[in-house]
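New to this one? Here's a quick briefing to read alongside the sequence and the 3D view.

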Amino acid sequence: MTDQARHSRTAVVIPAAGRGVRLGPGAPKALRALNGTPMLIHAVRAMAASRAVSLVVVVAPADGVAEVKAMLDAHALPGGPPSGSWGSTDYVVVPGGDTRQESVHLGLKAVPDDITTVLVHDAARPLVPVDTVDAVIEAVRDGAVAVVPALPVADTVKEVEPAEPGAPEQVVATPVRARLRAVQTPQGFDRETLVNAHATIALTGEGATDDAGMVEKLGAPVVVVPGHEEAFKVTRPLDLVLAEAVLARRRANDGF
Ligand code: CTP
Ligand code: MG
């Protein structure tokens, strides 16, 4: 590690402004509880667990900033530091946008100048282990400008020509499964590289769902490090069952 890398400071932007349409009716997804604790709180804890993370920027639903701030304050360590920090990790809350791309862009604007490494982590991946977070940070500090944790895919994946709902879809291609990876978060970046990507790539349609993909479009190299099965994204109702089972297993194993 270079001297400069040792002094690099790391922040995490957590997009948490989505509605969670695929999860069904209810509160915004990040604010829904897993075993009694909001998903967002699990996600912030997972980031604050890394000693390298000095700041967390939570991007809240635009109409929910005060509620999210109060939620973070209430869950910060009892008797710990003043409101606005969690152990040695500070946090701020900013309002999000209509797409994930906009929300991340708004979060990046709240990252102070002395931060050199930025991670982007979905609030919807509340159970990522700290070792995965540290592995991503380490890879950026070792010189990668963009790092994504990813796993081999279990299913064979086909590219199709999308058709009307219910109609059969024409298969266009079957990529070799051994070359495919399903990507997770936190994704880690050299700060300038990510800021550049968000400043350059215009929002089209539903926007980019993957920050590393934006960096790729600029021609910058992106590398993959091993992801973790517990870093799965809570997307559909069955994922809630799995997430609560993972938490129950952790509690049984180590009283966490
Ligand atoms: N996100 C965001 N702002 C948006 C949309 C999404 O900050 N306008 C965040 C979500 O809160 C989530 C992450 O981006 O933490 C990944 O998005 P996804 O899993 O798609 O969550 P939702 O958009 O909330 O879910 P859905 O697409 O089912 O509505
Ligand atoms: Mg979404």
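One bit of vocabulary before we start: helices here are DSSP runs of H or I that are at least four residues long, and they're numbered from the N terminus. Also keep in mind that what you're looking at is a predicted model. The notes below go through the ligand site, then the salt bridges.

**Where the ligand sits**
- Look for the largest pocket, and you'll find that its space is taken by ligand 1.
- Around ligand 1 there are 18 residues, and the closest are P15, V21, R22, S103 and K233.
- That shell is a mix: 7 of its residues are charged, 6 are nonpolar and 5 are polar.

**Who touches its oxygens**
- K233 puts a polar side-chain atom 2.8 Å from an oxygen atom of ligand 1.
- G20 uses its backbone instead, with an N or O atom 2.9 Å from an oxygen atom of the ligand.
- R19 also comes in through its backbone, where a polar atom is 3.3 Å from an oxygen atom of ligand 1.
- On its own, ligand 1 would expose 560 Å², and the protein buries 87% of that.

**Salt bridges**
- Across the whole structure, a search turns up 7 salt bridges.
- One of the salt bridges joins the side chains of D73 and K69, at 3.3 Å from N to O.
- Why are D73 and K69 separated by about one helical turn? Because they're 4 residues apart in helix 3, which covers residues 65-75.

Methods
Residues are numbered from 1 along each chain as its sequence is written. Chains are lettered from A and ligands numbered from 1 in the order in which they are written. This is a predicted model: local features need pLDDT of at least 70, side-chain atom pairs count only at pLDDT 80 or more; totals for chains, interfaces and linings use all residues. Side-chain values use heavy atoms; hydrogens and water are left out. A residue is near a molecule or strand if one of its heavy atoms lies within 4 Å of it. A polar contact is a pair of N or O atoms within 3.5 Å; within protein, one must be able to donate a hydrogen and the other to accept it, and residues adjacent in sequence count only if both atoms are side-chain atoms. Accessible areas come from the Shrake-Rupley method with a 1.4 Å probe; for residues, only the protein chains shown count as cover. On a 1 Å grid over the protein atoms alone, a cavity is a set of points where a 1.4 Å probe fits but cannot get out, and a pocket is an open set with protein on both sides within 12 Å along at least five of seven lines; lining residues have an atom within 4 Å of a point. A molecule sits in a cavity or pocket if more than half of its atoms lie within 2 Å of its grid points. Ala, Val, Leu, Ile, Met, Phe, Trp, Tyr, Cys and Pro count as nonpolar, Asp, Glu, Lys and Arg as charged, and the others, Gly among them, as polar. A salt bridge is a side-chain nitrogen of Lys or Arg within 4 Å of a carboxyl oxygen of Asp or Glu. Helices (H or I, at least four residues) and strands (E, at least two) are DSSP runs, numbered from the N terminus.
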